[in-house]
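Got a moment to go through a model together? Here it is.

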Amino acid sequence: MNYRLGVDVGGTNTDCVILDQQGHVVAKAKRPVTSDIITSIRQGVADVLGMSRLPPTAISHAMFGTTQVTNAIIERKSLNRVGLIRLGAPATLAIPPLTGWPEDLRAVVQQAQVIVGGGHEFDGREISPLDREAVKRFLAEHRGDISALAVVGVFSPVSSDHEVWVRDYVAENYPDLPVTLSYEIGSVGLLERENAAVLNAAVTDISRRAAASFAEALSAAGIHAETYLTQNDGTLMSTEYALRYPILTVACGPTNSMRGAAYLSALKDAVVIDVGGTSTDIGVIRSGFPRESAMAVEVGGVRTNFRMPDLISLGLGGGSYVRERDGRVTVGPDSVGYRIVEEAQVFGGSTVTYTDVAVRIGAARIGTRAPSVPEELARRAYQEALRLVEDGIDRIKTSAEPVPLIAVGGGSALLPERIAGVSEVVRPENYDAANAIGAAIAQVSGRVDRIYAMAGRNREAVLEEARVAAEADAVRAGADPDDLEVVEVEEVPLAYLPGNASRIRVVVVGRLRVGAAQ
Amino acid sequence: MREIGLEQLLALSTGATLLGTGGGGDPYVGRLMAEAAIRRLGPIRLIDVTELPQTGLVIPAAMMGAPTVMVEKIPNGSEVRKAVEQLERVLGQKAIAIMTIEAGGINSMIPLAVEAELDLPILDADSMGRAFPELQMTSFHVHGISSTPMVVVDEKGNSLLLNTIDNKWTEKLSRTATVVMGGASIIALYPMTTDQARRASIPGTMSQALELGALLRDHALPTAEKLSRLLEKVRGHVIFHGKVVDVVRRSTDAFVRGTATFAGMADDEGRTLRLEFQNENLVAMINGEPVVTVPDLICVLDQETLIPITTETLTYGQRAVAVTLPCADVWRTPKGVETVGPRYFGYDFDPRSLTPEARS
């Protein structure tokens, strides 16, 4: 009795799936997301459990992917009031923290901030000694009005000593105050890393609430499983770990779909397209994991630099409006969304959607009625949608070679068999539940992404040090220490910097340790 | 005189990125610093070269070193003021204006980011008309002006006064000091009389960056119209329409060198553009033949938005239009070519240009 439950809470639907020990889909269920979220989770879990005919006790692991953290930031709701300590004076004073934030978000999050002596140079020397007294004063003064603390030190990806000291001091003196250290979340780029750390601190409470609602939904169904959250690189965090780095759950939805697509198709390297009702996400999997974006990523209008899947999002989905104006045919970017089952012609409505044109030209069989859209318009609209898709695929690819395309999501049935730049279109079974399956099959990862000063050191020794640190991170996140595999080693010499500093990134993944999350 | 307020900064930074010809450092951090300065002190005065008084001291200021360091170790904010004040003290004279040495990239912003008290106008001019990687690559150098006395400061309060026998020594010594200071410093150098500034600077480059940036950011204009207006304004030319099919980068010493290959589209279908860069774009070759080289500006723009693409952000699949803007006249002189021509960057050929007057 060792079944896994995967739950993906998206913008429109909550998808649930149960996998057996071999990873086969036993049952799947879909429920529209309710405003309180927990109701739809409870319903979905009850549905899928009922369909599986398994006793609740058969579920040993439950994996959740959720947009709740993302939504809290976008909607500026339920966020913590954050205290920020920046370690870097006399450097960095020219740009105060949270510069460039949307005013409404800053007003909700910003409570108190201070820039004190500390931080490092690119080669690990101290800019100035850590001003411990100033840190202590700040905490003593503001403990009453902040509910989370973010700490960012200049070049902490090179040397985290000063950030770690602050965490240790807080743990000893203010054990109830949650602390986010920037070096654990982002890489070089002080302002972006600071933003990511502040956002992470700001979603402390909402992530606790989300975790509590998952626990409640499980216990309502009588399930006593170990619970995990999926993060945006496609791996799992134990609940305890997720509560420290909740910001890592941002954008986990598309990642779960991509991981699910890789799993269902048994392909490791491919382009993945996830076509929904409103939008389409196109990403790349490399060794089974989503490729990460190298660019600064905005979350809720805030510039950050923490890792995110490299995605192209198109305003194209099954419900996209088809229009003709001045001889030009457009598809999307707006959509009838979930109202497709009433408004699309194939369901008896009067709106021409992407689905209708696909059915009209015989590319798909969906709905209850034949669409009345003229064939010529349908053909041109279908071509236009294909052009958008081909363009997106071409932009996300890293070489001119044709690559396999894995098509998932409910709307992927509309895509044709032949697509430019694609060697074959792979349509796996259960493609419509790829997101929940991606959550259910996720492994645990650990990583290191830091700047190492290489001068006077053996390169092998530096890489080994990084690997050991990444493995320790994976074990902390709930991995079995005896089943770890290095999936990525990246070494980038830093431009313009003499003295051989390199940014080294190591990612390891591992199987879940039995009895990991308590 | 014109004023630079908060509304102009984004346009200026876009224009500066264009003039950065692929390099020059992302103006982002500089823009945030300038924003903070304008919020505190009000709009910045930008004066024309013709508005300079008959006599007086003009001091150029800039950042030196790795822009990568500056995005992490953000300046204190007082460096420019300190550097200028120390140079004033050495010379026993107050400056009447400050200016940038480089209108391309982050250095367009550095003289604007003065935190207080230094109540001086910014001269609408620079000494490159674009971005270049070394301190002697200036019109001042071509005109025989010494880069020293020069002051190098860091955020901690350290400062260094240099007096050198020539401008290449200045480059070497100040770069070494900059590394010790943590990889980035603020410098004040090439102090000069208003007369020298009139004669040796490249006038109008800051307002040019502003206007070009405003044009590129004009969302109301259709792309084709925007592009033709841009080319008309700067007397520029399209080099190539194409899609990036390959990017190779290698880190040499302190610079990123690399090559981007574009497959032709539209009129350039079937042809290949090979773009070589060292931080900045150096040489554009079509089907193996160099067509544009330094000192002319080679800029890669996103095909749809016309927002400049830097060498750091070039990636496979981008559809782009490569354009060239003619360089300042000073770079067509023999000393100009010697200082920044393709041979200085290790190529075995003379400058190539699509600008008619350059080929005469």
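What follows is a short chat about one strand and one helix pair.

Author: Heads-up: this is a predicted model, where local features need pLDDT of at least 70, side-chain atom pairs count only at pLDDT 80 or more, and totals for chains, interfaces and linings use all residues. Residues are numbered from 1 along each chain as its sequence is written, with chains lettered from A and ligands numbered from 1 in the order in which they are written.

Reader: Which residues point the other way from B:Met150 and B:Val152 in strand E7 of chain B?

Author: In a regular strand, side chains alternate between the two faces of the sheet. E7(B) covers residues 150-153 (strands, E, are DSSP runs of at least two residues, and helices, H or I, of at least four, numbered from the N terminus). All four of its residues are buried, meaning 20 or more other C-beta atoms, placed from the backbone, within 10 Å of their own. Opposite to B:Met150 and B:Val152 point B:Val151 and B:Val153.

Reader: What stands opposite B:Val151 in E9(B)?

Author: E7(B) runs antiparallel to E9(B), residues 184-188, with 3 bridges (strands pair if DSSP finds at least two). With E8(B), residues 159-162, E7(B) is also antiparallel, through 4 bridges, and there B:Val151 faces B:Leu161. In E9(B), the residue opposite is B:Ala188.

Reader: How far apart are the axes of H2(A) and H7(A)?

Author: Two packed helices are described by the angle between their axes and the distance between the axes. H2(A), residues 68-75, and H7(A), residues 204-220, pack at about 145 degrees (N-to-C directions, from 0 to 180 degrees, axes fitted to C-alpha atoms over the stretch in contact). Their axes are apart by 9 Å.

Conventions
A residue is buried if 20 or more other C-beta atoms lie within 10 Å of its own, exposed if 12 or fewer, and partly exposed in between; C-beta atoms are placed from the backbone.
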